[in-house]
Structure formats: C-alpha cells, structure tokens
Amino acid sequence: MVDQLLNISAIIILLAVLLSMYRFLKGPTTFDRIASFDTMTISMIGLIGIITYLTERMIYIDVAIVYGLLSFLGVIIISKYKEKSL
Amino acid sequence: METLKLIGAIIVLLGSIFLFLGALGLVRMPDLFNRIQAGTKASTLGTMLTLLGIILLNPDWTGKLVILILFVLITNPISSHVLARAAHFRKIKLSDKTIIDQLADDGVEEKDDINNSKE
Amino acid sequence: MKIKSFFIITIVLFSVWVLLNNSYEPVLLIIGAAVSILIALIFCTKCSVFSQIKLSPKSLFYSIAYLFVFMIELIKSNLDVAIRVISPKLPINPGIVKVKTVLNTELGRMILANSITLTPGTLSVDIRDEYIYVHWINVEGKDIETATNSIVKKFEKYLKEIYG
C-alpha cells in the first residue's frame with residue numbers, strides 16, 4: 001500500500017517535471033526559462049526524496065542537498081547576469 | 001507503526017499534487033510574474049510536504065531532511081525575488097490584465113540606470 | 001554587540017553539524033564545536049548581521065507565534081494559488097503596488113520581504129528604503145494604505161517585537 005502510493009506520487013512529480021520542461025522549451029523569454037528551471041529542480045528534490053526511501057540508500061539525501069545548492073546558485077547567477085547584462 | 005507509514009505516504013501524495021499544480025500554473029499563467037508566483041509557492045509547500053512524509057516513513061533520516069526543508073524554505077523566496085527584480089529591470093512585458101504598475105510609475109529604476117552608466 | 005553575533009553564528013554552525021552527522025558520539029561533538037568556533041572566529045569577528053536580534057524570553061515567544069502564523073498563511077496561499085490555477089477561467093487581476101513598513105533594521109525587512117513572497121498571492125519585487133514593491137495577483141486597492149493594511153500588518157506585529 002505504502003509503496004504503491006509512493007509510486008503514484010513519483011509519477012505525478014514526473015508529470016510536473018514534464019510540464020515545466022514544456023515551458024522551458026517554449027518560454028518566450030530567458031526569464032521564463034529560468035523560472036521553469038527553478039520549479040523543475042525544486043520538484044526533482046522531492047522526487048529524489050521518494051527514490052531515497054524506495055531504494056533505502058541514505059546517500060541520495062546528500063545528493064539532494066548538493067542539487068538544491070547548485071540550483072539556487074544557478075538561478076541567482078543567471079538572473080544577476082541578465083539584470084545588468086555584463 | 002503501519003498507520004504512521006500510511007499517513008506519511010498520504011502526505012507525500014499531497015505534496016506531489018501541489019508540485020503538479022505548481023507546474024500546471026507555470027504553463028497556464030499569461031505572463032512571467034504570475035508564472036513565478038504559481039511556480040515558487042506551490043513548489044515550496046509541495047517539496048516541504050514530500051520531505052515531511054519521508055521523515056514520517058523513516059525517522060532515522062530526520063536530521064538531513066530537516067536541513068533540506070529549512071534550506072528550501074529559506075532559498076526559494078530569495079531566488080524568486082531576484083528573478084522578478086531582474087525581469088522588471090529588463091522591462092519584461094506584463095500581461096494585458098495588469099491594472100497598475102507602481103514601480104514603473106515611480107521611475108526609481110531609471111535613476112539607477114543613469115547612475116550606473118556614469119561610473 | 002559583536003559577541004552576540006559570534007555566539008549566534010557558532011550555535012547555528014554547530015546545530016547544522018549535529019543534524020548532518022545524525023549521531024551523538026563525543027568525538028564528533030568536540031570536533032564540531034572546535035570547527036564551529038574556529039570558523040566564527042575567522043569570518044565573524046567584525047560582522048554585525050545578527051546584532052539586531054533582541055534576545056529575550058518575550059522575543060522567543062513571539063518567534064514561535066510568528067512561525068505558526070507563517071505556516072497557516074503558507075498553506076492558505078497554496079490553496080489560493082491552486083484554486084486559481086485549476087479554475088478554467090483563470091481569475092487573476094494582477095498589478096504591482098507599493099507598501100510601507102515600520103521596521104527599521106535590515107534583517108527585519110529581509111524576513112518581511114521573504115514572508116510576503118510566501119503568502120497569499122503576493123511576490124515582493126523590489127525594496128527601496130521603507131517601501132516594498134509587491135506584485136499582487138488579485139489587486140484589492142491601488143493606494144498605499146489599503147495595500148499596507150491587507151499585506152503587511154499581520155506580520156509586522158510579530159516582527160517588531162523580534163527585530164525592532
């Protein structure tokens with residue numbers, strides 16, 4: 001029961017990532033792409049959490065922490081770059 | 001113990017539904033600022049609920065997951081704020097439904113532009 | 001004033017270390033404490049970021065109350081956005097309005113702007129001195145007083161006690 005619910009959640013999160021990917025490919029401006037990248041990575045952190053429980057490997061939580069750090073840094077740096085367009 | 005795991009799985013499901021709604025808002029909203037609103041808020045609560053459910057499922061991992069939840073809660077508003085500020089500075093077009101833009105009316109950003117170009 | 005900032009940095013670093021390691025062996029605790037104090041000594045002998053926090057039982061009580069208010073607002077905001085996204089007509093009425101805050105310290109204003117971003121239908125875009133420009137998904141009033149009353153007032157009451 002628990003495993004089935006978790007599988008359903010993983011599929012829903014994958015659908016969310018696909019929707020963000022649609023906006024990422026279509027988005028008229030660069031800022032739309034950055035916003036969809038932000039949403040996509042934050043959703044992926046939740047997905048990594050579910051995968052951690054399903055595979056019983058604690059190391060994936062460290063992967064999620066580093067992934068979140070990198071996505072935050074990426075969004076900040078690209079936004080500041082676009083703001084003053086160096 | 002089994003009921004606790006079931007509650008955790010239901011919380012994970014709830015969080016994933018919030019994440020899905022956030023991505024749906026990202027696709028449906030008409031302009032950039034509304035997209036940021038839908039994307040940021042729903043994904044913050046969605047990720048927090050998902051990780052909270054994992055804590056209930058396996059309490060041994062509480063420490064690292066709590067760090068991850070606090071990290072998401074602190075950094076997500078900051079990144080959306082930086083993005084919105086940069087987008088408004090670069091004069092991204094707002095949607096036709098917008099009724100007021102006080103920031104452009106006050107004209108504080110143009111002053112910044114002039115000051116920067118002097119340096 | 002510097003010593004308070006030093007203590008807060010040390011405590012934050014040490015609690016992150018304990019949470020990451022997830023064990024209470026004395027060797028690990030001693031190493032963590034030593035490294036936290038060393039990092040705080042190197043990087044934070046002159047910094048004054050946290051010197052604006054008031055440390056007292058009253059402010060601690062208000063912090064916990066603020067956390068509860070914030071969580072309730074966060075859940076309300078998500079339900080609000082979710083309903084707007086699902087409904088087929090997309091009922092939005094967006095605009096950028098200006099609000100005024102009474103908080104004086106920089107840290108207090110930062111926390112306030114972050115809270116505004118995570119609450120129903122609002123996103124802080126820019127901050128100039130005591131004015132915050134807010135993107136509002138459903139504008140109820142265009143002038144400063146109406147916007148200030150409905151966006152900022154519910155947090156300021158708590159934040160004023162914590163940060164002054």
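What is the handedness of the crossing where α2(B) passes α3(C)? It is left-handed. I will start with that pair and then go through the other helix contacts. One caution before that: this is a predicted model.

So, the pair itself. The two elements are helix α2 of chain B, residues 32-57, and helix α3 of chain C, residues 57-86. Their axes lie 9 Å apart, at an angle of about 125°. An angle of that size falls outside the parallel, antiparallel and perpendicular ranges, and α2(B) and α3(C) are therefore oblique to each other. On the chain B side, the contact is made by B:Ala38, B:Lys41, B:Ala42, B:Leu45 and B:Met48. From α3(C) come C:Met71, C:Leu74, C:Ile75, C:Ser77, C:Asn78, C:Val81 and C:Val85. By class, that contact has 9 nonpolar residues, 2 polar and 1 charged.

Staying with α3(C), there is a second partner, this one within chain C. Helix α6 of chain C, residues 153-163, packs with α3(C) at about 155°, and the axes are 8 Å apart. Angles over 145 degrees count as roughly antiparallel, so that is the label for α3(C) and α6(C). The crossing of these two is left-handed. The α3(C) residues involved are C:Lys58, C:Ser59, C:Tyr62, C:Ser63, C:Ala65, C:Tyr66, C:Val69 and C:Glu73. They meet C:Lys154, C:Phe155, C:Lys157, C:Tyr158, C:Leu159, C:Glu161 and C:Ile162 of α6(C). Here the division is 8 nonpolar, 2 polar and 5 charged.

Next, chains A and B. How are α2(A) and α2(B) oriented, roughly parallel or roughly antiparallel? The angle is about 10°, with the axes 9 Å apart, and that makes the two helices roughly parallel. The contact takes in several residues from each helix, including A:Phe31, A:Ile42, A:Gly46, A:Gly49 and A:Tyr53 from α2(A). Among those from α2(B) are B:Leu32, B:Arg35, B:Gly39, B:Thr47 and B:Leu57. The classes come to 11 nonpolar, 7 polar and 2 charged.

Now the salt bridges. There are 5 over all chains. One of them joins A:Asp62 to B:Lys64, with the closest N and O atoms 3.1 Å apart. This pair crosses between chains, from helix α3 of chain A, residues 59-84, to helix α3 of chain B, residues 62-89.

A backbone detail in chain A. A:Glu56 has a positive phi of about 60°, although it is not a glycine. This residue sits in the loop between α2 and α3 of chain A.

Last, confidence. Chain C has a mean pLDDT of 80, and 93% of its residues reach 70 or more. Within chain C, helix α2, residues 26-43, is highest at 88, and helix α5, residues 144-151, is lowest at a mean of 73. For chain B the mean is 81, with 82% of residues at 70 or more. Which helix of chain B has the lowest mean pLDDT? That is α5, residues 108-118, at 56, whereas α1, residues 2-28, has the highest, at 88.

Key. Residues are numbered from 1 along each chain as its sequence is written. Chains are lettered from A and ligands numbered from 1 in the order in which they are written. This is a predicted model: local features need pLDDT of at least 70, side-chain atom pairs count only at pLDDT 80 or more; totals for chains, interfaces and linings use all residues. Side-chain values use heavy atoms; hydrogens and water are left out. Axes are lines fitted to C-alpha atoms, for helices over the stretch in contact, and angles run from 0 to 180 degrees between N-to-C directions. Helices (H or I, at least four residues) and strands (E, at least two) are DSSP runs, numbered from the N terminus. Angles under 35 degrees count as roughly parallel, over 145 as roughly antiparallel, 65 to 115 as roughly perpendicular and the rest as oblique. A crossing is left-handed if the near helix is turned anticlockwise from the far one by less than a right angle, and right-handed if clockwise. Contact means heavy atoms within 4.5 Å. Ala, Val, Leu, Ile, Met, Phe, Trp, Tyr, Cys and Pro count as nonpolar, Asp, Glu, Lys and Arg as charged, and the others, Gly among them, as polar. pLDDT is the predictor's confidence in each residue, from 0 to 100. A salt bridge is a side-chain nitrogen of Lys or Arg within 4 Å of a carboxyl oxygen of Asp or Glu.
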